[in-house]
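Please load the model in the viewer and keep a selection panel at hand. The stops below proceed one selection at a time.

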Amino acid sequence: MRDGPGKTALRQKALKVLQRRKQYEAQRDQLSQQSWNMEQAGMMQDNLKNVMTTVDAMKTTTKTLKKQYGQIDIDKIERMQDEMADLMDIGNEIQESISRAYDVPEDVDEAELDAELEALGEETMMEGAMADSAMPSFLQDEVAPPQFIDEPPEQSKIKEPAGGLS
């Protein structure tokens, strides 16, 4: 287009359209920012409601716990624990008393027991070498074959009680 009144009028009209466009864009940006702010305010309000609900729940729980713990007597629990420990001690004493061995001396020498065990092991190995079905000598006396009822017991096999019979 040539320079002239037509071009100038078109130019002015284009400038006005561009100004309106910028105004509309500015209004759009302003409305978008306002919308964003409203969304943020709504989210903050929701978060505040959640916090208040949580605080109320914590208060209720604290009251309930205080009430329940108020019903518990720690001294009573301690006494009950002491009683349980005493009962366990009594039970252990009873078990020790029942399981006490009568014929085993209190002061058994470990070295003597080890030597006796080793000797029994050697004896068993020697007897095993002689006869596979042979019974060790320390078991032969107590594991004798059963005797018939009709026959009287042999005098050598009868053992007398420790105190003797009167």
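**From Met 84 outward**

Begin by selecting Met 84, which is located in helix H2. The coordinates belong to a predicted model. Met 84 has a relative accessibility of 45% and is therefore classed as partly exposed, since that class lies between the 20% and 50% limits.

Next, extend the selection to Leu 65, Tyr 69, Ile 72, Ile 74, Ile 77, Met 80, Leu 87, Ile 90, Ile 94 and Ile 98; together with Met 84 they make a nonpolar surface patch of about 1100 Å². Two elements each give two or more residues to this patch: helix H1 (5-70) and helix H2 (74-98). Which of the elements supplies the largest share of the patch? That share, eight residues, comes from H2.

**Helix H2 and its N-terminal end**

Now display H2 alone. This helix has 25 residues, and its first and last C-alpha atoms are 36 Å apart, close to the 36 Å expected at 1.5 Å a residue.

Move to the N-terminal end of H2 and select Asp 73 with Asp 75. What caps the helix here? Asp 73 does, with a side-chain oxygen 3.3 Å from the backbone nitrogen of Asp 75.

Keep Asp 73 selected and add Arg 79. Their side chains meet in a salt bridge, with an N to O distance of 3.9 Å. Asp 73 thus takes part both in the cap of H2 and in this salt bridge. Asp 73 counts as partly exposed because its relative accessibility is 36%. Arg 79 is likewise partly exposed, at 48%.

**Salt bridges at Arg 21 to Asp 29**

How many salt bridges does the model contain? The count is three, and the pair of Arg 79 and Asp 73 is one of them.

For another, select Arg 21 and Glu 25, whose side chains form a salt bridge at 3.3 Å, N to O. The two residues lie four positions apart in helix H1, which means that about one helical turn separates them. In general, an α-helix has 3.6 residues a turn, so residues three or four places apart point the same way. Glu 25 is partly exposed, with a relative accessibility of 30%.

Then select Arg 28 and Asp 29. A salt bridge joins their side chains at 3.5 Å, N to O. Is Arg 28 buried or exposed? Arg 28 is exposed, because its relative accessible area of 52% is over the 50% limit. Asp 29, at 44%, is partly exposed.

**The annotated segment**

Select residues 7-41. An unreviewed UniProt entry annotates this range as "coiled-coil region". In the model the segment is 100% helix and 0% strand, and its end C-alpha atoms are 50 Å apart.

**The whole chain**

Finally, clear the selection and show the entire protein as a cartoon. The protein has four helices and zero strands, and the order of elements from the N terminus is α-α-α-α. Switch to a surface view: about 16400 Å² is exposed, of which carbon and sulfur atoms supply 57%. How much of the protein counts as buried? Of its 166 residues, 1% do.

Terms used: Residues numbered from 1 in each chain as written. Predicted model: local features only at pLDDT ≥ 70, side-chain atom pairs only at ≥ 80, totals over all residues. Heavy atoms only, no water. Patch = residues over 30% accessible without salt bridge, like charges linked within 9 Å, V, L, I, M, F, W, Y side chains within 5 Å. Areas by Shrake-Rupley, 256 points an atom, 1.4 Å probe, with all protein chains shown as cover. Salt bridge = Lys/Arg side-chain N within 4 Å of Asp/Glu carboxyl O. Buried < 20%, exposed > 50% of the residue type's maximum accessible area, 1.4 Å probe, protein only. UniProt positions renumbered as here; feature names shortened; annotations may be inferred. Expected span 1.5 Å × (residues − 1). Polar contact = N/O pair within 3.5 Å; in protein donor to acceptor, adjacent residues only side chain to side chain.
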